[in-house]
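Got the viewer open and a selection box ready? Let's take a walk through this one, stop by stop.

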Amino acid sequence: MGNIKLRLKIYLIIFFAVIVFGTIGMMTIEKKSLIDSIYFVIVTMATVGYGDIHPVTNFGKILAIFIIVTGVGTFLGVIANFTEILLEKRVMESRMEKLNMIIGVFYSEVGLELLSRFARYDPNFEAIRSSLIITGTWKDKEFIAASKDSVKHDFGVDVSQVDFLELKGFLTIKRDFLLRLLENPVLMEHQSFTDLLRAVFHLTEELAYRDFFEEVPKTDANHLAGDIKRSYHLMVAEWIIYMKYLKNNYPFLFSLAVRVNPFNKETSVVVTV
C-alpha cells in the first residue's frame with residue numbers, strides 16, 4: 001500500500017505540473033484564454049480530443065505533442081494507481097473483518113476467562129475496574145480514555161492469589177486452540193494481537209513444563225507472574241480495541257460482549273432492560 005501511494009503522489013505531481021506548464025504554454029504561444037488553455041490540456045490528457053480547440057502554430061503543435069507524450073501516460077497512471085488503492089483498501093478491510101472474527105473467537109474461547117482470572121490476581125485492580133465497565137452509551141472518547149488508563153495501570157500479579165495448577169489445567173485444555181490461531185496467516189496483518197497470542201501461548205508452555213506447584217521457589221513464582229502480567233496487559237489493551245470495533249460495527253455482538261464483561265461484578269447475560 002505504501003509503494004502504491006508513493007507512485008500515486010509522483011504521478012499527481014507530474015500530472016499537475018503538465019497541466020500548469022501546458023496551460024501557460026497555450027496562453028503564451030497560442031494566445032488562448034486561461035479557460036480555453038486549461039480545457040485544451042485536460043481534453044488532450046484525457047485522450048478525449050474534441051478538436052474544437054487545437055494549436056495553429058508550430059510551437060503550439062510541439063507543445064501539444066509534449067502534453068500527449070507526458071500527460072496521457074501520467075493521467076492513466078493516476079487513474080490506475082487510484083483504482084489500485086481502492087481495491088487494496090477493500091482487500092484490507094476484508095482481511096480485517098476476518099481478523100476481528102478470529103479475535104472474537106479468541107476472547108469467547110479463552111480470553112474472557114483468562115481476563116477474569118487475571119483480574120483476581122491483580123491486587124490493584126479496583127483502581128482500573130471503573131474504566132473497564134463498558135456500556136452502550138460509550139463514544140470514542142470513552143474508549144480512548146479507557147485505553148489511556150490501561151497504559152497507566154501496572155497490571156501487577158499477587159502470586160499468593162494464583163492457583164498455578166488450575167491455570168495450567170485451563171490453558172492446557174486450550175493449547176491446541178491457541179496453536180491453531182497462531183498458525184492462521186491472517187494474523188500477520190495484526191502485530192499486536194499476534195504478540196498477545198504469543199504471550200498467552202508462552203505462559204501455557206511455561207506452566208505445561210512444570211509438574212508440581214506446591215513448593216515453587218519465589219524466583220520461579222515471580223517469573224511466572226511476569227508471564228501472566230505480560231499476557232494480562234496485552235489482553236486488556238486488545239479487548240478495549242475489540243469492544244470499540246463491535247460498538248461501531250456490530251451492535252448485537254456488542255450487546256452480548258457488554259453483558260459478559262469479565263470486569264463487571266454485576267454483569268448478567270440475561271437481558272433485563
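Start by selecting Phe155, which sits in the loop between helix H5 (140-152) and helix H6 (164-173). This is a predicted model, so read every stop on the tour as part of a prediction. Turn on the backbone at Phe155 and look at its phi: the angle is positive, about 55°, although Phe155 is not a glycine. Why is that worth a pause? Most residues other than glycine have a negative phi. Is Phe155 buried or exposed? With 1% relative accessibility, Phe155 counts as buried.

**Another positive phi**

Now jump to Lys31, in the loop between helix H1 (2-29) and H2. Lys31 isn't a glycine either, yet has a positive phi of about 60°. Switch on the surface here: at 66% relative accessibility, Lys31 counts as exposed, whereas Phe155 counts as buried.

**A nonpolar patch**

Keep the surface on and select Met27, Leu34, Ile38 and Ile42. Together they form a nonpolar patch on the surface, with about 310 Å² of accessible area between them. Which helix gives the most to this patch? Colour helix H2 (residues 34-45) and you have it: H2 supplies three residues. Ile42 is found in helix H2, and its 37% relative accessibility makes it partly exposed.

**Two helices packing**

Next, show helix H3 (residues 58-121) and helix H7 (residues 175-182) as ribbons. How do they pack? Their axes are 11 Å apart and meet at an angle of about 170°. Angles over 145 degrees count as roughly antiparallel, and so H3 is roughly antiparallel to H7. To see the contact itself, show side chains: H3 brings Ile102, Val105, Phe106, Glu109 and Val110, while H7 brings Phe177, Leu178 and Leu181.

**Salt bridges along H3**

Time for some charges. How many salt bridges does a search of the whole structure find? The count is eleven, and a few of them make good stops.

Select Arg117 and Glu113, whose closest N and O atoms are 2.9 Å apart in a salt bridge. The two are four residues apart in helix H3, so about one helical turn separates them. Try the surface on this pair: Arg117 is buried, with a relative accessible area of 8%, while Glu113 counts as partly exposed at 34%. Add Glu166 to your selection, and you have a network of salt bridges linking Glu113, Arg117 and Glu166.

**Around helix H4**

Move along to Arg129, which lies in helix H4 (residues 126-129). Arg129 forms a salt bridge with Glu126, with the closest N and O atoms 2.7 Å apart. Here the partners are three residues apart in helix H4, so they too are separated by about one helical turn. Is Arg129 buried or exposed? Its relative accessibility is 16%, and because buried means under 20%, Arg129 counts as buried.

Stay with Glu126 and bring in Lys265: their side chains meet in a salt bridge, 3.7 Å from N to O. Lys265 lies in the segment after helix H10 (251-259) and Glu126 in helix H4, so this pair ties together parts that are 139 residues apart in sequence. Lys265 is exposed, at 64% relative accessibility. If you leave out residues up to four places away in sequence, what does Arg129 touch? The answer is Phe263 and Lys265.

**Along helix H9**

For the last stretch, colour helix H9 (residues 218-249) and pick out Asp227 in it. Asp227 is buried, with a relative accessible area of 2%. Which residues does Asp227 touch, not counting those up to four places away in sequence? Select His202, Leu203 and Glu206 to see them.

Slide along to Ile241, also in helix H9. At 48% relative accessibility, Ile241 counts as partly exposed. Finish with a distance label from the C-alpha of Ile241 to the C-alpha of Gly51: they are 57 Å apart in space and 190 residues apart in sequence.

Note on methods:
Residues numbered from 1 in each chain as written. Predicted model: local features only at pLDDT ≥ 70, side-chain atom pairs only at ≥ 80, totals over all residues. Heavy atoms only, no water. Patch = residues over 30% accessible without salt bridge, like charges linked within 9 Å, V, L, I, M, F, W, Y side chains within 5 Å. Areas by Shrake-Rupley, 256 points an atom, 1.4 Å probe, with all protein chains shown as cover. Salt bridge = Lys/Arg side-chain N within 4 Å of Asp/Glu carboxyl O. Buried < 20%, exposed > 50% of the residue type's maximum accessible area, 1.4 Å probe, protein only. Axes fitted to C-alpha atoms, helices over the stretch in contact; angles between N-to-C directions. Parallel < 35°, antiparallel > 145°, perpendicular 65-115°, else oblique. Contact = heavy atoms within 4.5 Å.
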